[in-house]
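Good morning, colleagues. Please look at the sequence and the structure on the screen, and I shall then take you through selected parts of the fold.

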Amino acid sequence: MTVFYQIVFRSVLRHMDAEKVHRMSFAALRGVTAIPGVASAMGRVLGPREPELAVRALGQEFPGPLGMAAGFDKNAESPSGLAALGFGFVEIGTVTAQPQPGNPAPRLFRLVEDRAIVNRMGFNNEGSALVAERLHHQRGGRRPVLGVNIGKTKVTPEADAPADYALSARRLARYADYLVVNVSSPNTPGLRNLQGVEQLRPLLAAVREALSEAGHPTLPLLVKIAPDLADEDVDAVADLALAEGLDGIIATNTTISREGLAASAEEVEAAGAGGLSGAPLRERSLEVLRRLRARVGDRVTLVAVGGIETPEDAWARIRAGATLVQGYTGLIYGGPLWPRRIHRGLARLVREAGYRSIGEAVGADVHGAGLPQESTAV
């Protein structure tokens with residue numbers, strides 16, 4: 001299956017418009033998993049089933065640590081379909097308070113030699129009211145642990161951002177297992193300014209108040225940051241997370257850097273502006289994760305994303321302090337069996353390292369001795 005996918009990708013898919021392929025493949029997944037019994041059967045075969053992979057974090061029990069990152073299912077069209085591929089959890093969004101079409105197409109590009117993607121989608125989504133309605137109709141069925149990622153509506157002035165985020169939080173709180181404040185996409189003008197502590201603090205306060213008003217004051221709240229932050233700004237976000245009692249930090253979003261790419265200058269120029277994801281992000285994302293762990297210890301749940309392609313990549317993030325990991329570009333280049341390969345490889349690495357569970361390995365490299373830490377496995 002993996003070899004077949006690689007042949008199809010290199011001979012057909014890579015030559016097609018990336019966003020069109022995304023729509024077609026996601027529609028196919030939705031269609032297949034809508035057939036009664038198929039999603040549950042796929043989940044039994046492809047889902048994480050090794051007991052050492054189970055993790056408890058953010059008040060939830062995760063069957064495995066690898067989740068689908070935000071950006072794939074922006075409108076909560078099929079979280080259960082993505083879970084059927086083998087993801088241990090799914091994060092939908094980014095969702096904004098008002099519906100918006102995003103940036104003009106083409107806006108999604110592959111840099112195949114780098115196993116990377118450039119996107120300038122611009123938070124295209126149907127808006128938090130409609131997404132909330134869709135999630136309401138999905139309640140009661142079998143669904144994965146669900147994260148909801150919210151962002152700022154493009155036309156909302158920066159000064160009004162707290163109210164914009166709060167509206168989405170209020171609408172979506174009842175359907176989320178955790179909520180992510182996204183202030184790190186490079187594709188909404190001015191959004192990254194909100195990563196500054198003075199801007200981020202009132203924004204988080206507004207979201208907290210909205211969650212309380214919605215009857216979910218203890219819903220885990222996370223913030224997603226960019227890899228392009230200076231080290232001192234990473235430290236400032238970490239300190240703010242501790243001061244404000246945030247439950248987690250997701251590190252990292254896409255980068256605006258184009259350094260060290262194998263693609264030609266012409267190909268990079270043709271892709272244009274936007275956030276770069278995939279393999280080139282691996283080292284910086286890991287650096288940010290390590291810096292966060294050194295700053296917050298185990299007091300804040302860290303979720304690693306960016307450049308995770310192999311079980312060894314995911315294992316390095318876990319040993320560096322991540323309790324959970326996420327992927328998106330890895331699925332595009334790895335194919336539909338990629339989540340299963342990552343989880344199966346992680347289970348092998350856990351056993352080879354002498355741990356009883358993956359939770360025991362979280363932060364092992366930070367502690368230095370490499371000895372099992374207190375387990376967070378379920």
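**Strand β9 and its surroundings**

I begin with one pairing: leucine 222 stands opposite glycine 248 in strand β10. Please bear in mind throughout that this is a predicted model.

Leucine 222 belongs to a stretch of chain, strand β9, that covers residues 221-225. β9 and β10, the latter comprising residues 248-251, pair in the parallel sense over 4 bridges. To get from β9 to β10 the chain passes through helix α8, residues 231-244, and this β-α-β crossover is right-handed.

A second partner of β9 is strand β8, residues 178-182; these two strands run parallel and are joined by 4 bridges. Here valine 180 is the residue opposite leucine 222. Helix α7, residues 197-213, takes part as well: β8, α7 and β9 form a right-handed β-α-β unit.

How covered is β9? Of its 5 residues, 5 are buried. In a regular strand, side chains alternate between the two faces of the sheet. In β9, Leu221, Val223 and Ile225 point one way, while Leu222 and Lys224 point the other way. I draw your attention to Lys224, which is buried along with the others.

Let us turn to helix α7. This helix has 17 residues and reaches 24 Å from its first C-alpha to its last, close to the 24 Å expected at 1.5 Å a residue. An α-helix has 3.6 residues a turn, so residues three or four places apart point the same way. With that in mind, consider the buried residues of α7: Val197, Leu200, Leu203, Leu204, Ala206, Val207, Ala210 and Leu211. What covers these buried residues? The covering elements include α6, residues 161-172, together with β8, β9 and α8. Just after α7, glycine 215 adopts a positive phi of about 85°.

This brings me to the nonpolar interior. The largest nonpolar core has 110 residues, and those with the most contacts inside it are Tyr165, Leu179, Val207, Ile225 and Leu292. Helix α7 supplies the largest share of this core, 8 residues. Apart from this core lies another, of 9 residues, among them Leu111, Ala263, Val268 and Leu276.

Isoleucine 225, in β9, deserves a closer look. Not counting residues up to four places away in sequence, isoleucine 225 touches ten positions that I shall not list in full; they include Val237, Ile249, Ile250, Val288 and Leu292.

I close with two residues elsewhere in the chain. Is threonine 329 buried or exposed? Threonine 329 counts as buried, because its relative accessibility is 8%, and the cut-off for buried is under 20%. This residue lies in helix α12, residues 329-334. Its side chain makes a polar contact of 2.7 Å with the side chain of serine 277. Beyond its neighbours within four places in sequence, threonine 329 is in contact with Arg115, Ala116, Ile117, Ser277 and Gly278.

Arginine 174, by comparison, sits in the loop between α6 and β8. With a relative accessible area of 48%, arginine 174 is partly exposed. Leaving aside neighbours within four places in sequence, arginine 174 is in contact with Arg139 and His216. Arginine 174 and arginine 299 are 125 residues apart in sequence and, from C-alpha to C-alpha, 25 Å apart in space.

Note on methods
Residues numbered from 1 in each chain as written. Predicted model: local features only at pLDDT ≥ 70, side-chain atom pairs only at ≥ 80, totals over all residues. Heavy atoms only, no water. Buried < 20%, exposed > 50% of the residue type's maximum accessible area, 1.4 Å probe, protein only. Pairing = 2+ DSSP bridges. Right-handed = clockwise from strand over helix to strand, strands pointing away. Expected span 1.5 Å × (residues − 1). Contact = heavy atoms within 4.5 Å. Polar contact = N/O pair within 3.5 Å; in protein donor to acceptor, adjacent residues only side chain to side chain. Core = buried A, V, L, I, M, F, W, Y, C linked by side-chain atoms within 4.5 Å.
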